Amino acid sequence: MKAMSEQDIRTSFVNCSRGEAKRLALPRDLAEQPWDDLDFLGWRDPGAPDRGYVVTERGGEAVGVALRAVAQQRGRLHRGMCSLCLTTHPGNGVALMTARRAGQAGRDNNSVGVYVCADLACSLYVRGRKIPDLGGRLEESLTVEEQIDRTRAKLSAFLDKVLA
Ligand SMILES: [Zn+2]
């Protein structure tokens, strides 16, 4: 994806108020992000660990979604799989995160959940730029390009539900 500025990101959120979007904690090193290798920029708020954010491009526009992690206590023997990039992680390495839906549905407290890599670094796992700690990736016959397309398609399907 193309590099985004703080302004691009703050104005992209579809499921939180303008005030929340203005205050939320952005990654400090925006200029240093590996943009060329990202299907979406995802991060957790270090000051509020249950909060996560995903920003991507859709039809040439930035779309950002605020997420809340659902508290789950899982032992190291538990293994979960990210529903976007299909990487498996032990323990709490896969988080159930919920997004309030956009518009009236969200004001009516409707949300959509997704199991996702807790560090939201799916793009890097798919490309082999980040190796899951004690987790793994399935041996697949798909090429990396095809796996990237699949990850994007799954993210897009999730965004469809948030925006519907
Ligand atoms: Zn993932």
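This is a short dialogue on reading features of a predicted model.

Q: Where do I start, and how many helices and strands are there in the protein chain?
A: Start with the inventory. The protein chain has five helices and eight strands. In sequence order the pattern is α-α-β-β-β-β-β-β-α-β-α-β-α.

Q: Why is the protein chain said to be as compact as a globular protein of that length?
A: The radius of gyration is 15 Å, close to the 15 Å that the globule rule gives for 164 residues, so the chain is as compact as a globular protein of that length. The C-alpha trace spans about 40 × 35 × 30 Å along its principal axes.

Q: What share of the residues is buried, and what does the protein chain expose?
A: Of the 164 residues, 46% count as buried. The chain exposes about 9,000 Å², and carbon and sulfur atoms supply 49% of that area.

Q: How do I read a sheet, and what is the strand order in the open one?
A: Strands of a sheet pair through backbone hydrogen bonds, either parallel or antiparallel. Here the open sheet has five strands in the order β1-β2-β3-β6-β7, with antiparallel pairing. Its edge strands are β1 (41–45) and β7 (111–117), and each of them pairs on one side only. From one strand to the next, the twist averages 30°.

Q: How many bridges join β6 to β7?
A: Strand β6 (residues 94–100) is joined to β7 by seven bridges, and the two run antiparallel. One position to look at is A99, which stands opposite V112 in β7.

Q: Which helix packs on this sheet, and which strands does that helix touch?
A: Helix α5 (residues 144–163) packs on the sheet and touches β2 (48–58), β3 (61–69), β6 and β7. The direction of α5 makes about 105° with that of β2.

Q: What about strand β5: which way do its residues point?
A: In a regular strand the side chains alternate between the two faces of the sheet. In β5 (residues 87–90), T87 and H89 point one way, while T88 and P90 point the other way. All four are buried, on whichever side they point.

Q: Which strands pair with β5?
A: Strand β4 (residues 79–81) pairs with β5 in the antiparallel sense over three bridges. In that pairing, G80 stands opposite H89. Strand β8 (residues 136–137) is joined to β5 by two bridges, and these strands also run antiparallel. On the β8 side, the bridge partner of T88 is G136.

Q: What lies between β4 and β5?
A: The two strands form a hairpin with five residues between them. L86, in the turn, has a positive phi of about 60°.

Q: How do I describe an aromatic pair, and how many does a search of the whole structure find?
A: A pair of aromatic rings is described by the distance of the centres and the angle of the planes. The search finds two aromatic pairs. One of them joins F13 and Y53: the centres are 5.7 Å apart and the planes are at 85°, an edge-to-face pair.

Q: Why does the pair tie together parts that are apart in sequence?
A: F13 lies in the loop between α1 (6–10) and α2 (18–23), whereas Y53 belongs to strand β2, so the pair ties together parts that are 40 residues apart in sequence. Both F13 and Y53 are buried. With W43, these two residues form one aromatic cluster.

Notes:
Residues are numbered from 1 along each chain as its sequence is written. This is a predicted model: local features need pLDDT of at least 70, side-chain atom pairs count only at pLDDT 80 or more; totals for chains, interfaces and linings use all residues. Side-chain values use heavy atoms; hydrogens and water are left out. Buried means under 20% relative accessible area, exposed over 50%, partly exposed in between (1.4 Å probe, protein chains only). Two strands pair if DSSP finds at least two bridges between them. Axes are lines fitted to C-alpha atoms, for helices over the stretch in contact, and angles run from 0 to 180 degrees between N-to-C directions. Contact means heavy atoms within 4.5 Å. The radius of gyration is taken over C-alpha atoms; the globule rule is 2.2 Å times the number of residues to the power 0.38. Accessible areas come from the Shrake-Rupley method with a 1.4 Å probe; for residues, only the protein chains shown count as cover. Rings of Phe, Tyr and Trp (its six-membered ring) pair if their centres lie within 6.5 Å; planes under 30 degrees apart count as stacked, over 60 as edge-to-face and the rest as tilted.
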